[in-house]
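Welcome! Please take a moment with the sequence and the 3D view, and then let us walk through some of the features together.

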Amino acid sequence: MSHPEDPAVPHPPTKRQRSEKSRPSIFWVLAGLIVPIGSLMARFRIVDREKMPRHGAYIVAPNHYSEIDPVMVGIVLWKLGRLPRFLAKDSLFRIPVAGWFLRKSGQVPVSRGGAARGSAPLEAAQKIIEEGRIVVVYPEGSLTRDPDMWPMRGKTGAARMALEHGIPVIPIAHWGTQQVMARYSKKISFFPRKTIDVKVGDPVDLSAFEGRNLDTATLAEATAVIMQAITALLEDLRGEQAPAERWDPTQHNQKETGRFDG
């Protein structure tokens, strides 16, 4: 069992890193608004919370099956002492007030397509390294299409960020958010209070890919390793076994973004 002070983080925290959450910031405002409401909707049971390092640059990779997932994951990370930065759809930054909060809290806009889709996450990764912060990347890219909400096939962005910049990937699984907001629903259920189970994993071992050319095949292999780590955590939370073959939307005539029937 690892601890925040384990050698997984090679250097001691700087003064800025130690005080990131303790000093006043826009996150205090966001937490003051969101955490009480989130705690009213759900109680969080966090397993292996000590595996989330308290300092250093990390990619946090959760499963994704509800549109309210980022809010709930953000609350969990706040409770674990980290200030979450997300890769968020650029359209969200154009929403009045919400867009201002996103920009001020350091969230990263990412285009759904085009060249910006590839460049923005990589530029964000370099900044994260320099500042010793964390970023939340959903490897699936959108809500899972799997009928039973198991993690589906992942996209390669998290693997590329990790391998190009030497950033560890911390997998997280959560289960219960769908009781607060069902997949693709716009309705939030406040009562009765739900329980969301969360499990933090060990850093994903990507050592087999170090020094290799980061071509499509290598990134796909590394992504599969990340997705398996997330899935194994979710299996523990659900007490079930995931399907042997990961759901691939392209094999089921499904779009990989946007809503779908099913």
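In this predicted model, the largest nonpolar core has 33 residues. Met52, Met72 and Leu77 have the most contacts inside this core. Which elements give two or more residues to it? They are helix 2, strand 1 (42-47), strand 2 (58-62), helix 3 (69-79), strand 5 (134-136), strand 6 (169-175) and strand 7 (194-200). Another core, of 21 residues, lies apart from the largest one, and Ala57, Val135, Met161 and Val204 are among its members.

Met72 is a good place to zoom in. Leaving aside neighbours within four places in sequence, Met72 is in contact with Met41, Phe44, Thr177, Val180 and Ile196.

Phe44 turns up again when we look at Gly38, a residue of helix 2 (residues 26-41). Not counting residues up to four places away in sequence, Gly38 touches Phe44 and Ile75. Is Gly38 buried or exposed? Gly38 counts as buried because its relative accessibility is 1%, and the cut-off for buried is under 20%. Try finding Phe190 as well: Gly38 and Phe190 are 152 residues apart in sequence, yet their C-alpha atoms are 9.0 Å apart in space.

Next, have a look at strand 2. Five of its five residues are buried, and both of its faces are covered. On one side sit Tyr58, Val60 and Pro62, and on the other Ile59 and Ala61. Strand 2 pairs in the parallel sense with strand 5 over three bridges, and Tyr58 has Ile134 as its bridge partner there. Strand 2 also pairs in the parallel sense with strand 6, over four bridges. In that pairing, Pro62 is matched with Ile172 of strand 6.

The loops hold some backbone details too. Two residues have a positive phi although they are not glycines; they are listed here.

| Residue | Phi | Loop | Relative accessibility |
|---|---|---|---|
| Met149 | about 65° | between strand 5 and helix 6 (157-165) | 16%, buried |
| Tyr184 | about 65° | between helix 7 and strand 7 | 13%, buried |

The loop between helix 7 (177-180) and strand 7 also holds Pro192. What is the peptide bond from Phe191 to Pro192, cis or trans? The bond is cis, with omega near -5°.

How values were computed
Residues numbered from 1 in each chain as written. Predicted model: local features only at pLDDT ≥ 70, side-chain atom pairs only at ≥ 80, totals over all residues. Heavy atoms only, no water. Buried < 20%, exposed > 50% of the residue type's maximum accessible area, 1.4 Å probe, protein only. Contact = heavy atoms within 4.5 Å. Core = buried A, V, L, I, M, F, W, Y, C linked by side-chain atoms within 4.5 Å. Pairing = 2+ DSSP bridges.
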